[in-house]
Amino acid sequence: MNDFEISRVIKAYIACRRHKRVTGSALSFEISAESNLVNLCEKLKNHTYQPRDSICFAVQYPKPREIFAGHFTDRVVHHLLVEKIENIFESRFIYHSFACRKKKGAHLAVKVIKKSLNKITKNRTSPAYYGKFDIKSFFCSIDKKILFQLISKTINNCLSKESCDEILHLAAIIIFHDPTKNYCIKGNPHLLSEIPPYKSLFGIPKGKGLAIGNLTSQFFANVYLNELDQYAKRTLKIKYYFRYVDDIVILSKNREQIKYWQGKIDDFLKKRLKLQLHPKKTRCGSVYQGIEFVGQFIKPTHVLFRKRTVKSFKKKLYLINRGMIFISNNQIQKALPLSIPPSPNEIKQIRQTVNSYYGLLRHANCYNLRKNLYNKHFGILKKYLKPVNNYSYFEIKNPPALS
C-alpha cells in the first residue's frame with residue numbers, strides 16, 4: 001500500500017479531529033472534508049505539500065511557554081507520519097522512557113520508581129541515592145540536522161527504498177519547517193514578550209528548535225533522547241535510569257557514582273546531541289529525602305503530591321469558579337470563557353481536568369488532601385460533580401443538575 005493512500009490519510013484525519021474538532025481550522029476543514037482529504041493526498045503523493053501558517057500563543061500553566069500550533073491540515077499530516085513510523089522506533093525505545101507513549105505516562109513512572117526505591121534500599125534497610133537532572137531549554141535546543149540523521153539511520157534499515165524516500169521527504173519538510181516565517185498571534189501578545197529569548201523560536205539560531213504544540217515534536221523528542229537512553233543503559237550500565245521528556249532520574253547505592261554518571265551524561269549530551277544539563281536544576285541526595293518527579297514527591301515509604309502542583313490545581317479551581325475553563329490538548333492548556341450556567345460539554349471538560357489531577361492524587365498517600373480540595377475549593381462544581389470511591393474520582397451528577 002502506498003504510504004499516502006487516501007485510506008491512510010482518512011485514518012490520520014479521524015485520529016486528529018478526535019481532540020481538535022472545535023478549533024477554527026478543524027471546522028473549516030470539516031466543511032469540505034472529502035475534497036480537502038483528496039487534495040491533501042494528492043499533494044503528499046506529488047511532493048507539493050507544504051505546512052500552512054501556525055498559530056502562535058503563550059500558555060502560563062504549568063509554566064510560561066511559547067506554543068506554535070500547526071494548522072489542522074498539518075496536524076493530519078503529523079498523525080500520518082507518526083502512525084507510519086511509531087512502531088519502528090517504539091521497539092527501540094527503552095522501557096523506562098515514560099512520556100508520550102502508549103501504555104506509559106506519569107502514573108506508571110511513579111509506580112516503577114517507587115518499586116525501584118524499595119529494591120535498591122532492600123525494603124528500606126540500606127542507604128541509596130538519587131540524581132535528578134533537567135535538560136536546559138530542551139525543545140529549543142534540539143538540532144534539526146542531528147534529529148533528521150537519527151530518523152534517516154533507523155528508517156533506512158527498516159523500510160523499502162521507495163517507502164523510505166517518501167517518509168524521509170515528509171519528515172524533512174516537518175522537521176526543517178520554520179513556523180516563525182508564517183504565523184498569526186492569538187491571545188495576549190504581552191505574554192509572548194515575557195518568554196525568555198533562549199526559550200523562544202524567535203531567539204534561537206537557525207537549524208535549532210522544535211515547536212511545542214505538535215504531535216511530531218513530542219514523538220521526535222523521544223527519538224532524539226533515545227540516544228541518551230541507550231548510552232545510559234548500554235554504555236554506562238545504569239540499572240535505575242528513568243526519563244520523562246527531558247527530566248531524568250537515576251538511582252545508585254553510591255553518591256559518588258551518581259556524580260560520575262552526571263558528568264558522563266552531560267558530556268554525551270554536549271558532544272553527541274548539542275544539549276546540556278541545566279546547572280540550576282540538578283539535585284542529588286538520599287532517596288529517603290524524596291524525589292520530585294512528574295508532579296509528585298516519591299519516597300520509599302509513600303508518595304505525596306508536590307506543593308507546586310497542588311497550588312496549580314487550586315488556581316484552576318479558583319478560575320473555573322470565576323468563569324474560566326481550561327482546555328487541554330497535547331499537553332498544552334489554555335483558558336477560555338465559561339458559559340453561564342456551564343453547558344453539559346463544558347462540565348465534561350471540567351470533569352476531565354479534575355479527574356486528571358485526582359488520578360495523580362489517587363496514587364499518592366493523600367486522602368485528606370483529596371477531601372479538603374473538594375470541601376474548600378470546588379465551590380459551584382459541587383453542583384455538577386460528585387465524588388466517587390472516597391474522593392478517588394468524580395462523576396457528573398444527574399442531567400437535571402446540568403440545567
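A residue is called buried here when its relative accessible area is under 20%. By that criterion Cys16 is buried, since its relative accessible area is 3%. The model in which this value was computed is a predicted one, and Cys16 makes a convenient starting point for a walk through it.

Cys16 belongs to the group of α1 residues that meet helix α4, a group that also includes Arg8, Val9, Ala12 and Tyr13. On the α4 side of this contact stand Phe72, Arg75, Val76, His79, Leu80, Glu83 and Lys84. Helix α4 covers residues 72-90, and its axis comes within 8 Å of that of α1, with a crossing of roughly 115 degrees. The two helices are therefore roughly perpendicular to each other, and the crossing is right-handed.

What of the sulfur chemistry? The structure holds 0 disulfides. A disulfide is a covalent bond between the sulfur atoms of two cysteines, and for a pair to be counted as one, the sulfur atoms must lie within 2.5 Å. For Cys16 the closest cysteine sulfur is that of Cys100, and because the separation is 16 Å, the two are too far apart for a bond. Seen from the other end, the cysteine sulfur closest to Cys100 is that of Cys16, again 16 Å away and too far for a bond. The surroundings of the two residues can be set side by side: Cys16 is buried at 3%, whereas Cys100 counts as partly exposed because its relative accessibility is 33%.

The segment before α1 (6-17) is also of interest, as it holds Asp3. Is this residue buried or exposed? With a relative accessible area of 8%, Asp3 is buried. Leaving out residues up to four places away in sequence, Asp3 touches Arg8, Leu80, Lys84, Ser163, Glu166 and Ile167. Three of these names, Arg8, Leu80 and Lys84, recur in the contact between α1 and α4. The C-alpha atoms of Asp3 and Leu44 are 9.2 Å apart, while 41 residues separate the two in sequence.

Turning to the strands, an open sheet is built from 3 of them in the order β2-β1-β4, with mixed pairing. Its edges are formed by β2 (65-69) and β4 (183-185), each of which pairs on one side only. From one strand to the next the twist averages 30 degrees. Strand β1, residues 54-59, pairs with β4 in the parallel sense over 3 bridges, and Cys56 stands opposite Ile185 of β4.

A second pairing occurs further along the chain. Strands β13 (residues 385-388) and β14 (residues 393-396) run antiparallel and are joined over 4 bridges. One of the partnerships links Lys386 to Glu395 in β14. The hairpin has 4 residues between its strands, and Asn389 adopts a positive phi near 55 degrees.

Which residues does Asn355 contact beyond its neighbours within four places in sequence? The answer leads back to the hairpin: Asn355 is in contact with Tyr393 and Phe394, and β14 spans residues 393-396. Asn355 itself lies in helix α13, residues 344-362, and counts as buried because its relative accessibility is 18%.

Another helix pair is formed by α10 (residues 215-235) and α11, whose axes are 11 Å apart and pack at an angle of about 140 degrees. These helices are therefore oblique to each other, with α10 passing α11 in a right-handed crossing. The α10 side of the contact consists of Tyr224, Leu225, Glu227, Leu228 and Tyr231. Facing them from α11 are Lys264, Ile265, Phe268, Leu269, Arg272 and Leu273.

The loop between α11 (255-273) and β7 (283-286) carries His278. This histidine counts as buried because its relative accessibility is 17%. Not counting residues up to four places away in sequence, His278 touches Asp134, Ile135 and Lys136. For Ile135 the C-alpha separation from His278 is 5.3 Å, although the two positions lie 143 residues apart along the chain as a sequence distance.

Note on methods. Residues numbered from 1 in each chain as written. Predicted model: local features only at pLDDT ≥ 70, side-chain atom pairs only at ≥ 80, totals over all residues. Heavy atoms only, no water. Buried < 20%, exposed > 50% of the residue type's maximum accessible area, 1.4 Å probe, protein only. Contact = heavy atoms within 4.5 Å. Pairing = 2+ DSSP bridges. Axes fitted to C-alpha atoms, helices over the stretch in contact; angles between N-to-C directions. Parallel < 35°, antiparallel > 145°, perpendicular 65-115°, else oblique. Left-handed = near helix turned anticlockwise from the far one by under 90°.
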